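Student: I have a structure open and would like to go through the reasoning behind its labels. Could we take them one at a time?

Tutor: Gladly, let us look at it together.

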Amino acid sequence: MDTHAVTMEARRQGGDGLRPAALRRLLPAAVVIWAERAFAAEIGWTAALWLGWTALALTGVLGALPGGLRIALFAALILTSAAAVLRAAIRIALPRRQDVFARLDRGGGLLLGSTSFTGAAPAAVEGDIGAALWRRAQADAARRPPRIGLPRPQLSGDLRAALVGLSALTLLGLVLAGREAPSRLERAFSPWAVPLTAYSFRGEVAPPDYAPGPARQFELTGGGTRAIELLSGGRIEIERLAGPGDWHILSPAGTRVDPAFVPRRGGVWRIVTDGGRTLAALRIGLASDGVPEVRFDGDPVRNATGALSLGYRLTDDHGTLSLALEVSGGRAPARTYSLAEAIQPGTGRVFADLSADPRAGERARLTLIAADGAGNIGRSPPLLVELPVKTFTDPVARRIIAIRKRLMQGDAISRVVRDLTEIAVRPESFDERTDIFVGLRSAAWRLLHSPEETARPQVADILWDVASDLEDGGTSRALEDLRAAMERLMQQADSGDDELLAELTRQLENAMGEYLRRQIEAAMKAGEVPPAAAAMQNMAPSVDTSFLQAMMEDLKDRLAAGDTEGAQQALQNLRGLMESIQFGASAPDPQAAMRAEAMREAADKLRQAEAQQGQLRDDTIAEAVRQAIREDEAMLEALGGQQEEIGEMVGAAAREMEALGAGVPGELGEARAAMRAAARALGDGDAATAAQAQSEALRKLGEASDKLQQQAEQMARQAAGGLPQPGQSGSGVDPLGRPGQGFGMGNVTIPDEQRMRRVQEIRRILEERAADPSRSEAERSYYLRLLKRF
């Protein structure tokens, strides 16, 4: 209705005097009057149709119809409603002025004519009695404002009966539908033939390769939204479980992506049909990966092979993808060496053979570089180190190395080629070895026919390999093969592929045996043949040395059990051992070896006593708690007897050390004194005091064991002579080269009945999950690898 027309009509009829409250209600009152008339004449039956449609939806009748038929009926209902509203707009006239004023009088409870009366003009002259009466009448009429009131359409009997009946049917449908009411209404009023509830999806969220942990699964119903937190570089894969038609995924930017995708940004990712209908949504939040922090941990240590052992400290929230070493300084360009991959935060050691670097023998700047899966790069503070230089004794090898150095310093290509040719044309100088001749000619050819910027570093590597083969008979090349085999196994340790791991382990064993064989041959050629090594010279590539065999068996067990972290630690220690093996000219001292063996046995006894003392301390604490509830002297007496037995074991170890001429650590005497005090307290029935003394004895035993272990290691090194050396402390083997706690084997603990039941329960859960066909192949493989650990 036109507001301007109503207002002008009011003015023509004396409306200039209407109060603001009446003026504001003119148009709404006219609209309400028109709606009442339209509802009674046309729209009421349209509302009855929609009410009936709702009742049929709630009772499930519409849901049973085919989708195409339901959509056709729904469209017919919409067209019918639109036609009814249009017909009402044409047929129903605008209300008259008197009707609007009368509606405002009724709604406000006024006398009929009050609203129009306040807008009428007086006929009397201002100042006479008529004007006074007019003002009095206006004041009386203004006491109550005009109002529109509630709509009260005048319905016919048939329409009223239809609305009441359909309302009752709708209420009955609500009761019958219960919790399904929203889905039934969504199906009935949806313009789509298939409701959203008919769709369901299953998704899998896989963390990035650099982050540990298995993939997670979730389910998503049609019309739902799922919140997902994901690390940058993680992968999401969506699979439809139910619902017809083709579908795809839309990114927050509106681009179409495959069901398996790596989100590059956070936001809402929608699952939509090819027709543009949104079936479900994923609200993805990407967690940022911080920049790794890395630094050197102590000074580099040169091993027997010439490689540097580098300690590091790494801090990162999800682990790094790779760790590299940048070497710079001097006239040569900076070079980067890959050290390890998939490094976890914490401390550790890596190895870098820099003897072939152009700066060998000079001071250089070392910088550790850690890169994570999100592309963040962390650099350590630089460390100035004099790089180790490899000593060459063969005259031809020394000359090749000198030519190589001139090449890296920018000497003329023609001069380098001439010098290499002079060596190659005299094959008698290198025992007419074909491999040396081919290497020299290949280096000269590359310098002449390849671009200089790429030829120089490539030829430098070739010349280094040629000179090393001349010097050590292939030992350096075998060492590189061994390092490469370890690196391959390290990278695939978490793959879960048993066949691949078995093949890589076999390659590692072969490479290890080949390296040892080459090293022994080189020592024999130099006239430095240890007696133990002489017996090994004709052995197969797999050298059956006891400590190496034990380490390899432990490595295989950890790989088979899926213990990735333990396997990688064992590999690190195995490499540390192999880097420290060296054959020398000095012969072993049998008497010293026997003393070292006796010292090691004494150290083992002390470790055993330490373990028993710890168990006894725990039992004593438990008994102290029981004592607070009840008195039981018999149990304390039994514990006192055990304490005396442990004290005798420690005393026997001390006497053995004195017989060997080794100094007995002072902490051992303090430990025995604390044990005697604990035994007395147990005899007196005082479990609390005994537990305190036992804790002190345990602490002193640990300190004494550490000192004794160091003495045994030193004696073993002095006695080893030219035998393979286990290397520095922490190499993963005991002083005589046998596996120990250092590389992860540890002591074996027999589980009690409660722990065995717990293990069986864990196995049962893992077996059920591994056999569940609803889980993904990746998740079931993960459970199978866990099963191997139990």
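Student: In which order do the five strands of the open sheet lie, and what is the pairing?

Tutor: The order is S3-S9-S8-S5-S6, and the pairing is mixed. Keep in mind that this is a predicted model.

Student: What makes strand S3 and strand S6 the edge strands?

Tutor: Strand S3 (225-231) and strand S6 (256-257) each pair on one side only.

Student: How do you know that strand S5 and strand S8 are paired?

Tutor: Pairing requires at least two bridges between two strands. Four bridges join S5 (residues 247-250) to S8 (residues 267-273), so they count as paired, and they run antiparallel. One bridge partner to look up is Val272 in S8, which belongs to His248.

Student: Let us go to the helices. Why is Lys700 called buried?

Tutor: The cut-off for buried is under 20% relative accessible area. Lys700 has 12% relative accessibility, so the label is buried. You will find Lys700 in helix H23 (residues 687-720).

Student: What makes the pair of Lys700 and Glu670 a polar contact?

Tutor: The limit for such a pair of N or O atoms is 3.5 Å. The side chains of Lys700 and Glu670 make their polar contact at 2.9 Å, which is therefore within that limit. Leaving aside neighbours within four places in sequence, Lys700 is in contact with Glu667, Glu670 and Ala671.

Student: Is Thr620 buried or exposed, and how do you know?

Tutor: Thr620 has a relative accessible area of 0%, and buried means under 20%, so Thr620 is buried. Thr620 has its place in helix H20 (residues 590-627). Beyond neighbours within four places in sequence, the residues in contact with Thr620 are Leu639, Leu682, Ala687, Ala690, Ala691 and Gln694. The C-alpha atoms of Thr620 and Asp686 are separated by 9.8 Å, with the two residues 66 apart along the chain.

Student: Why does Thr46 count as buried?

Tutor: With a relative accessible area of 9%, Thr46 falls under the 20% cut-off, so Thr46 is buried. Thr46 lies in helix H3 (residues 26-58). Not counting neighbours within four places in sequence, Thr46 is in contact with Ser81 and Ala84.

Student: And why is Trp445 called exposed?

Tutor: Exposed means over 50% relative accessible area, and Trp445 has 53%, so the label is exposed. Trp445 lies in helix H13. From C-alpha to C-alpha, Trp445 and Val417 are 8.3 Å apart in space, and they are 28 residues apart in sequence.

Student: Which helices each supply at least two residues to the largest nonpolar core, and which residues have the most contacts inside that core?

Tutor: The largest nonpolar core has 27 residues, and those with the most contacts inside it are Ile400, Leu420, Leu440, Leu447 and Leu463. Helix H11 (395-408), helix H12 (413-424), helix H13 (434-449) and helix H14 (452-472) each supply at least two residues of this core. The largest share, eight residues, comes from H14. As for Leu447, not counting residues up to four places away in sequence, Leu447 touches Leu407, Ile413, Val416, Val417, Leu420, Ala455 and Val459.

Student: What does the second, separate core include?

Tutor: That core has 26 residues, including Met599, Leu616, Ile646 and Leu682.

Student: What makes Phe392 and Trp464 an edge-to-face aromatic pair?

Tutor: Ring centres must lie within 6.5 Å to pair, and planes over 60 degrees apart count as edge-to-face. Phe392 and Trp464 are 5.5 Å apart centre to centre with 90° between the planes, so the pair is edge-to-face. Phe392 lies in the loop between strand S18 (383-386) and H11 and Trp464 in helix H14, so the pair ties together parts that are 72 residues apart in sequence.

Student: Are these two residues, Phe392 and Trp464, buried or exposed?

Tutor: At 8% relative accessibility Phe392 counts as buried, and at 11% Trp464 counts as buried. The structure holds five aromatic pairs. There is also an aromatic cluster formed by Trp50, Trp53 and Phe74.

Student: How many helices and strands are in the chain, and what share of the chain is buried?

Tutor: The chain has 25 helices and 18 strands, and buried residues make up 40% of its 790 residues.

Terms used: Residues are numbered from 1 along each chain as its sequence is written. This is a predicted model: local features need pLDDT of at least 70, side-chain atom pairs count only at pLDDT 80 or more; totals for chains, interfaces and linings use all residues. Side-chain values use heavy atoms; hydrogens and water are left out. Buried means under 20% relative accessible area, exposed over 50%, partly exposed in between (1.4 Å probe, protein chains only). A polar contact is a pair of N or O atoms within 3.5 Å; within protein, one must be able to donate a hydrogen and the other to accept it, and residues adjacent in sequence count only if both atoms are side-chain atoms. Contact means heavy atoms within 4.5 Å. A nonpolar core is a set of buried Ala, Val, Leu, Ile, Met, Phe, Trp, Tyr and Cys residues joined through side-chain atoms within 4.5 Å. Rings of Phe, Tyr and Trp (its six-membered ring) pair if their centres lie within 6.5 Å; planes under 30 degrees apart count as stacked, over 60 as edge-to-face and the rest as tilted.
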